[in-house]
Every structure is written in C-alpha cells, then in structure tokens.
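Biologist: I should be grateful for a close look at a single part of this structure. Please take one chain, and the side of it that meets its partner, and describe it in a connected account.

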Amino acid sequence: MAKLKISDLKKIKEKVHAETALREGDRRVRVTVHMGTCGIASGAREVLDALMREIEESGVSDVVITTSGCMGLCSREPLVTVEIIGQEPIKYEYVNPNKMRQIFKRHVLEGEVQTPFVLARGAEIVK
Amino acid sequence: MLELSHHILDIAENATRAGSKTVRITLTEDTGRDRLTLEVADDGRGMSAEERGRALDPFFTTKKVRRVGLGLPMLADAAERTGGTFTLESAPGRGTRLEAAFGLRHLDRQPLGDVAASLVSLIAGNPDVDFVYRHRHDAAEYVLDTREIRQELDGVPMNHSDVLKLIRDNIAEGLEEIGSEG
C-alpha cells in the first residue's frame, strides 16, 4: 500500500525550519479562493490547483492560501481575493486556471493589479 | 458538478465551516454488489431537526448571502439517478454523517474524478482541520490520515507546498495501487 515515507516528511521539516530561521518577515500575501457549491461547480478547485502549482514552482514561502464560502455573487464565480498586506483587497471574477497564473505572476509576485479581471476593490460588508 | 470529487470537496468544505476538527471521508467500491458508497462524517456543530428535515430542499439554506442551498440536493440527486440512495444523520453538537450510494457501473454515475486535487484543496484551505480519507476497492484499501502526517511534521504547516505535493503524489499512487475503478 502507498505509505507516506517518514524520511520524506523529515526532509520537509528540516528544510522548512531552515527557511524559517533565515526569514525575517512572515506572510506577505493572502489569496482566498471562494469555495462554495457555486464556486466549485464553476471551476474553483481547478483555479486553486493552478495557484498551488504556481506557488510550488516559484518557491515563494510568504504567500498563504485560504478558502472561503459563497459570498452571494454566484454568477461571477470562480472568485478570488488577493490581499497584499497594507493594500486594499482585490476581488477577481470569472477566474480560470490561466487567469490565476497571470494574477499570481503579475499581481502576487510583482504587485500589478490585473484590472481586466477585477470585480471590486475592498472587503465585502455583511449586514 | 461534473465529478464526484467535486461533491466530496463541497460537502467536506461545509463540514469545515460547521467547526469540525476532524472530517472522515470514506469511499467504498464494491464490485460484487455494483455499489460505490461515499460517506462523509464530521464532528462539527450538527443540524437542528428542522435544518435536517429541510436539508434536501434546494430553496433552503442557513446562509444569509443567498436563498438557495444546492450542495446536498445535487449530491442526493446524483446518487438517486444511478439507482442509489442518500441518507443524512445529524444532531446539534454531535456532528453530521451522510452516506450516498451509487450504482458503480451505472451509465449516469458521474466519474470519481481527481480525488487527490479535492483532498489537497481541502488541506490547503483548512490546514488546522484533520482529514481521514479511506478508499476501499473490494479487499484493497488506501488510507490517508493527516493526524499522522501532522505529528511527523512537528509544527510545519500542513499547507506548505512541499507537503501538499507529497500528499497529492501519495494519493494518486495509492489509488492506482488499489486499482480504483472510479
């Protein structure tokens, strides 16, 4: 049976502890993929998958991924929110894996908001 | 939903939002009985009797931002159109358990799809929640338990990209080994 190797997990632990010792800051960016039923049915998992692979390939360690539920704009799904610390959150609509890769490379890594895909700026207010 | 793995992600995400600490996902492929059974059990806050009674009503939801709740009705419909069944048990403070049984080789059964991607998405988005994924194919069995992985990682976050890659590869390898027909 396929068993996770303890030695592989130990290697990751040592690598991450070494990285943490070198790094001064903590998280710089939080990317939230909205993962309600509507989001999943529209392709949110594939978007999250593309984001995870980009993070893996780029080797960055200051980007944190979160998921959230439906925010009520089901027809605009998949929705992704990018929050760079100290800046207002940007919500992207109709995201697909290709758009996600572009958002990651241009916005998350270089700080350039991808205006054609933007739904809104700022956080939603729940009344 | 195009794949059963999308349903699994959707239902397990609901479980995490219900405050669950551990979510157990079990898939059983029984070729002799021609049955594929999905069971999701959590230790979240559970549903009241009224919520449980209306859980399959697509126009009922506990959410405030919209007026429909399609996750459970779509899963129940997907199971029933393959000659299967759907059951839901829940009580306040005691968590929720659902079981969806499908005709394994029924023409209308959705493909299982990319289960590894769903599991990795769940772990990435909910690094503090534990997931126990058990997949049986007749006598063969694959088990992934994030509690064991967490113990070995000693403080390294579960959603670290190296950990997620290892889990993704392990699930794919495990399902191939047990000969999943999903």
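Modeller: The account below takes chain B as a whole, then its side towards chain A, and ends with one helix of the partner. The model is a predicted one.

Chain B is built from six helices and six strands, which follow one another along the sequence in the pattern α-β-β-α-α-β-β-α-β-β-α-α. Its radius of gyration is 16 Å, close to the 16 Å that the globule rule gives for 182 residues, so chain B is as compact as a globular protein of that length. The C-alpha trace of chain B spans about 40 × 40 × 25 Å along its principal axes. Of its 182 residues, 42% count as buried. Among contacts in chain B with a separation of 6 or more, 66% join residues 24 or more positions apart.

Turning to the interface, 37 residues of chain B are in contact with 29 residues of chain A. On the chain B side, the elements that give two or more residues are α1 (4-17), α4 (115-125), α5 (146-153) and α6 (161-178). The largest share, ten residues, comes from α6(B). By character, this side of chain B divides into 14 nonpolar, eleven polar and twelve charged residues.

In chain A, helix α3 (residues 44-58) has 15 residues and reaches 21 Å from its first C-alpha to its last, close to the 21 Å expected at 1.5 Å a residue. Buried residues of α3(A) include A:A44, A:V47, A:L48, A:L51 and A:I55, and the charged residues A:R45, A:D49 and A:E54 are buried as well. After α3(A) comes A:G59, whose phi is positive, near 75°.

Definitions and conventions. Residues are numbered from 1 along each chain as its sequence is written. Chains are lettered from A and ligands numbered from 1 in the order in which they are written. This is a predicted model: local features need pLDDT of at least 70, side-chain atom pairs count only at pLDDT 80 or more; totals for chains, interfaces and linings use all residues. Two residues are in contact if their C-beta atoms, placed from the backbone, lie within 7 Å. Helices (H or I, at least four residues) and strands (E, at least two) are DSSP runs, numbered from the N terminus. The expected span of a helix is 1.5 Å times one less than its number of residues. A residue is buried if 20 or more other C-beta atoms lie within 10 Å of its own, exposed if 12 or fewer, and partly exposed in between; C-beta atoms are placed from the backbone. The radius of gyration is taken over C-alpha atoms; the globule rule is 2.2 Å times the number of residues to the power 0.38.
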